[in-house]
Amino acid sequence: METVVSGIRSTGYLHLGNYFGAIKNFVKMQRENNCFFFIADYHSLTTHPKPDDIHGNIRQVLAEYLACGLDPEIATIFIQSDVPEVVELYLLLNMNAYVGELERTTSFKEKIRKQPDNINAGLLTYPVLMAADIIIHKATKVPVGKDQEQHLEMTRRFARRFNTMYGVDYFPEPDAYNFGRKLIKIPGLDGTGKMGKSEGNGIFLADTPDEIRKKVMKAVTDAGPSAPGEKPSEPVKNLFTIMSVVSDSSTLKYFREKHTSCEIRYGEMKKQLAEDIIKVTTPIRDRIIEILTDKKYMAGVVSAGAEKARASASKTIREVREIIGYKPF
Ligand code: TYM
């Protein structure tokens, strides 16, 4: 039995990328491991959400998490800011995280490009907080999508550095949990990059069937293959990737063959893709709506989760303080 930690930022609705990149795995692994799943609401502050929106965002993501099949009876499901011990570990780890390595992080460089007016220190130290989230429970496995691979590598480095600095074998170095497959990246519908919460290229689990049909029909494609056997262009490859996670293998095979033989009609492919996405999301969406009406249930989940997560986190903090050299008078 491994200890697993994973989080999702409470920055917006969950999309197919979150589901297939991470959450679907959570559902499987919770039965076999000691799992901590949390909503990273401290991390969401890097983009300065309004106080009026914070609680609603967390509630929505919590309902979506639960609707995907996370089970509070077997996993510890909690809100990051309910466990302030993580902030102490974050501060301690910051003392041996170097500005140079943080500045070189791909996600930080991307943020500089995307939000040049808000390059705050929280963005710079984002990977340190993420490392604290993980190692505070001494996790050995972290289920993440491809985009978080570098953050996980940094987590291992910070854990190793702490051990070396204090001459201990205290923090394990966690690996990605990927069922022996490569980490996956679900692309967006805009023909480039990964599906994201704020890129305007995503299908959300809470989208209605009509919204899904509209979005998929508008997805970027190309003018069609011009010769048999031609490789699909990037946007079309992306649609095939989404199809590979939502559709039957026979459907995927059918459209791949149509592409190879230049007979593909993208309209037909998109129609099928939309219906297959709807098949996946509809039961989840129904549960989201149901869970959102049950405030008492959600309150119970997070308070039980916070209690379990704090018990685990405060034990680590006690031991870390001792290792660092803090002593009671
Ligand atoms: P976040 O909220 O951006 O994404 C949550 C999870 O979804 C995965 N994901 C994807 N996977 C495949 N294709 C995509 N298009 C796609 N988009 C998102 C992410 O890899 C992630 O697993 N920094 C984290 C949150 C976090 C965390 C942690 C995760 C904070 N502390 C500790 C694990 C452990 C993040 O921003 O995830």
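This passage describes the largest pocket of a predicted model, the ligand in that pocket, and the cavities of the protein.

The largest pocket has a volume of about 1,300 Å³. Its lining is made up of 50 residues. Those nearest the centre of the pocket are R9, Y126, D147, Q148 and K194. Sorted by class, the lining of this pocket holds 22 polar, 16 nonpolar and 12 charged residues.

Several helices and strands contribute to this lining. The strands β1 (3–9) and β2 (34–40) each supply at least two residues, as do the helices α1 (16–29), α5 (106–114), α7 (126–135) and α8 (149–166). The largest contribution comes from α5, which gives 6 residues to the lining of the pocket.

The ligand sits in the largest pocket. Elements that give two or more residues to the shell around the ligand are the strands β1 and β2 and the helices α1 and α7. In total, 27 residues surround the ligand, and R9, D133, G145, D147 and K197 are the closest of them. By class, this shell consists of 12 nonpolar, 9 polar and 6 charged residues. R9 and D147 are thus listed both among the residues closest to the ligand and among those nearest the centre of the pocket.

Polar atoms of the protein approach the ligand at several points. At R9, a polar side-chain atom lies 2.7 Å from an oxygen atom of the ligand. At Y126, which is also one of the residues nearest the pocket centre, a polar side-chain atom lies 2.8 Å from a nitrogen atom of the ligand. The backbone takes part as well: a polar backbone atom of I186 is 2.8 Å from a nitrogen atom of the ligand. Taken alone, the ligand exposes 710 Å², and 99% of that area is buried by the protein.

Apart from the pocket, enclosed spaces were also counted. The model contains 2 cavities of 30 Å³ or more. The second largest cavity has a volume of about 50 Å³. Its lining is formed by F38, F78, Q80, V83, V86, D133, I136 and H137. Of these lining residues, 5 are nonpolar, 2 are polar and 1 is charged. One of them, D133, is also among the residues closest to the ligand.

How values were computed: Residues numbered from 1 in each chain as written. Predicted model: local features only at pLDDT ≥ 70, side-chain atom pairs only at ≥ 80, totals over all residues. Heavy atoms only, no water. 1 Å grid on protein atoms, 1.4 Å probe; cavity = no way out; pocket = protein on both sides within 12 Å on 5 of 7 lines; lining within 4 Å. Points joined across faces, edges and corners; volume = space filled by probe spheres on them. Helix = DSSP H or I, 4+ residues; strand = E, 2+ residues; numbered from the N terminus. Nonpolar A, V, L, I, M, F, W, Y, C, P; charged D, E, K, R; others polar. Near = heavy atom within 4 Å. Polar contact = N/O pair within 3.5 Å; in protein donor to acceptor, adjacent residues only side chain to side chain. Areas by Shrake-Rupley, 256 points an atom, 1.4 Å probe, with all protein chains shown as cover. Sits in = over half its atoms within 2 Å of the grid points.
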